[in-house]
Amino acid sequence: MKNIFLIFTTLFLFTLSAGAQNFITKNGKISLFSKTDAENIDAVNNQAVSVINTQTGSVAFSVLVNGFLFKKALMQEHFNENYLESGKYPKATFKGSIVDMSKVDFKKDGSYNVTVTGDLNMHNVTNKVTVPAVIVVKGNSLSANTTFKVKLDDYKIAVPKVVENNISKTIELKVDCNYEAR
Amino acid sequence: MKTLKIWFLFLLMGMFYKAGAQDTTDLMNLLEKEMTSSKDMTYYTTATFKTTRLVNGHSVENVAKGVLDVKISHRFGNLNEGFYELFGLDKATMRIGFDYGISNNLMIGVGRSTYQKTYDAFFKLKILRQSKGKRKMPITLSYVPTIAYRSLKWQDPSIKNYATSRLFYSHQLIIGRKFSEGTSFQLMPTFIHQNLVTGANDPNDLFAIGIGGRQKITKRISINVEYYYQLEDYKLPGTRNSLSVGFDIETGGHVFQVHFTNSPGMNERTFIADTKGRWDKGDILFGFNISRVFTIRNKH
């Protein structure tokens with residue numbers, strides 16, 4: 001009995017210390033792209049903060065909406081004032097996890113295709129999203145990237161009739177982050 | 001002793017399970033700590049007004065760097081001129097202007113009005129920006145000097161006329177504050193200098209205090225009000241204070257401003273110091289400004 005007790009305690013402590021590894025980035029890159037016949041709109045945010053817990057597979061992102069930079073100043077002003085209303089809703093977040101943890105070995109260098117699912121919160125609306133992603137492990141750092149599409153209607157982002165030919169109803173989001181162990 | 005150990009085992013397993021379930025919340029808490037806290041970042045206020053003019057006069061807004069703003073303004077005749085003049089629509093004065101952003105804090109502009117055939121030029125310098133967070137500033141402060149050249153032919157060509165008699169200058173400090181997403185106010189202390197005045201006792205130096213504001217009624221439409229109060233000993237005789245009320249309508253790259261005012265002029269001297277109309281007598285005229293923005297040099 002004493003042995004079983006010791007084994008359990010050691011196992012428990014071992015899993016605690018071995019797995020509690022967080023990988024963090026404060027300069028994650030998130031770009032958005034809208035394509036229409038009238039014009040293309042793109043913007044980049046280079047200050048996304050994200051954390052991946054390699055033991056549990058949990059993934060989280062937090063992004064300041066007014067950190068998206070556009071080439072045209074007026075586009076950036078309208079994006080913040082009228083569309084995303086960043087004065088009212090300053091952050092966009094993602095809370096989720098890697099679905100198929102068995103597909104990735106965080107201790108072995110390589111490129112792994114995984115699926116990530118979770119809650120994406122933008123403009124005060126939360127929707128469940130499931131996206132394919134690529135995780136690349138290299139030594140003590142890892143990088144992750146994914147591309148997926150969101151519908152403006154799903155997040156109650158309204159486009160006035162005057163400009164509906166200039167803004168696509170579906171926006172492509174690209175995430176590209178390099179994480180360091182913490 | 002045996003039961004105690006079994007109980008302890010269950011306790012350990014329970015703690016392990018709880019740690020896993022709280023994981024996502026802990027992750028978000030970790031993210032919150034990592035994101036530069038609001039104490040360390042400065043958030044500058046944007047979009048205090050929808051465009052660089054309130055109604056007739058300047059607002060605290062500047063045109064962004066590398067952006068050209070083409071401004072076409074019309075002022076019609078008085079509403080009380082009746083149906084024959086189509087309530088003033090038959091008489092129109094027009095100003096065309098070009099504003100350009102040299103940097104995000106400095107813009108320049110030129111324009112020409114048909115009213116008294118006046119050419120005007122100005123620059124607007126943003127001195128203070130409203131902000132919160134690490135650096136707190138309650139107001140946006142801008143300085144706008146303007147110069148106007150009235151190119152009408154001399155009334156009496158036989159006497160010695162000086163080119164400098166055609167020049168008018170104004171200096172304005174614009175103090176603005178965005179109180180909430182939809183409400184902004186500004187104060188505009190103004191100094192105007194005329195080289196040549198009509199009467200021997202007319203002052204060359206005029207002072208006025210402007211006050212104005214906007215209230216958004218939808219995301220893209222606001223009501224604007226602008227009033228310039230002239231100081232008693234520093235105004236031209238027979239002139240009235242300028243009062244204007246209008247709407248700003250923003251659509252993509254345009255801002256339309258439609259309003260009623262008692263001032264037919266569109267540069268500082270004419271609307272602040274040379275308004276003769278009276279609101280209570282119906283000397284009100286309809287006018288509009290159209291602003292169209294072109295990005296000449298992209299931000300990056």
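# Exercises on a predicted two-chain model

**Exercise 1. Which residues of helix α2 of chain A are buried, and what covers them?**

Solution. Begin with the helix itself: in α2 of chain A, which runs over residues 73-83, the buried residues are Ala73(A), Met75(A), His78(A) and Phe79(A). Keep in mind while working that the structure is a predicted model. Next, look at what lies over these residues: the cover includes strands β2 (40-53) and β4 (69-70) of chain A, together with β2 (67-78) of chain B. Finally, follow the backbone just past the end of the helix, where Glu85(A) takes a positive phi of about 50°.

**Exercise 2. Find the strands that pair with β5 of chain A, and name a pair of opposite residues for each pairing.**

Solution. First take strand β3 (residues 58-64) of chain A, which pairs with β5 (residues 91-98) of chain A in the antiparallel sense over seven bridges. In this pairing, Val59(A) stands opposite Gly96(A) of β5(A). Then turn to β6(A), which is also joined to β5(A) in the antiparallel sense, here over six bridges. For this second pairing, Ile98(A) has Val116(A) in β6(A) as its bridge partner.

**Exercise 3. Is Val116(A) buried or exposed, and which residues does Val116(A) contact away from its neighbours in sequence?**

Solution. Start by locating the residue, which lies in strand β6 of chain A. Then count its surroundings: 23 other C-beta atoms lie within 10 Å of Val116(A), and a residue is called buried if the count is 20 or more, so Val116(A) is buried. Now list the contacts, leaving aside the neighbours within four places in sequence: these are Val59(A), Gly96(A), Ile98(A), Val99(A), Val131(A) and Ala133(A). One of these residues, Gly96(A), shows how the fold brings separated parts of a chain together, since it is 20 residues from Val116(A) in sequence but 7.0 Å away in space, C-alpha to C-alpha.

**Exercise 4. Which residues have the most contacts inside the largest nonpolar core, and what does Ile52(A) touch?**

Solution. The largest nonpolar core has 34 residues, and those with the most contacts inside it are Ala48(A), Ile52(A), Ala60(A), Ile135(A) and Leu142(A). Take Ile52(A) as the example: not counting residues up to four places away in sequence, Ile52(A) touches Phe23(A), Val59(A), Ala144(A) and Tyr179(A). There is also a second, separate core of 11 residues, which includes Ile192(B), Tyr228(B), Met266(B) and Ile272(B). As a general background, nonpolar side chains tend to be buried together in soluble globular proteins.

**Exercise 5. Describe the settings of His123(A) and Ala47(B), which have a positive phi although neither is a glycine.**

Solution. Consider His123(A), with a phi of about 55°; this residue lies in the loop between β6 (110-122) and β7 (125-138) of chain A. With 19 other C-beta atoms within 10 Å, His123(A) is partly exposed. Now consider Ala47(B), whose positive phi is also about 55°, and which is found in the loop between β1 (42-44) and β2 of chain B. Ala47(B) has 18 other C-beta atoms within 10 Å and is likewise partly exposed.

**Exercise 6. Trace the pairing from β4 through β5 to β7 in chain B.**

Solution. Strands β4 (residues 106-113) and β5 (residues 118-128) of chain B pair in the antiparallel sense over eight bridges, with Arg112(B) standing opposite Tyr119(B). The two strands form a hairpin with four residues between them, and Gln116(B) in the turn has a positive phi of about 60°. From β5(B), continue to β7 (residues 140-150) of chain B, where the pairing is again antiparallel and again has eight bridges; here Leu128(B) has Leu141(B) as its bridge partner.

**Exercise 7. How does the radius of gyration of chain B compare with that of a compact globule of 300 residues?**

Solution. A compact globule of 300 residues would have a radius of gyration near 19 Å, whereas chain B has 28 Å. Next, consider the extent of the C-alpha trace, which spans about 120 × 40 × 40 Å along its principal axes. Buried residues make up 33% of the chain. As a last step, note the predictor's confidence: chain B averages a pLDDT of 89, and 91% of its residues score at least 70, while the complex receives an ipTM of 0.75 and a pTM of 0.82.

Notes:
Residues numbered from 1 in each chain as written. Chains lettered and ligands numbered in written order. Predicted model: local features only at pLDDT ≥ 70, side-chain atom pairs only at ≥ 80, totals over all residues. Buried ≥ 20, exposed ≤ 12 C-beta atoms within 10 Å, placed from the backbone. Contact = placed C-beta atoms within 7 Å. Core = buried A, V, L, I, M, F, W, Y, C linked by C-beta atoms within 7 Å. pLDDT = per-residue confidence, 0-100. Rg over C-alpha atoms; globule rule 2.2 N^0.38 Å. Pairing = 2+ DSSP bridges.
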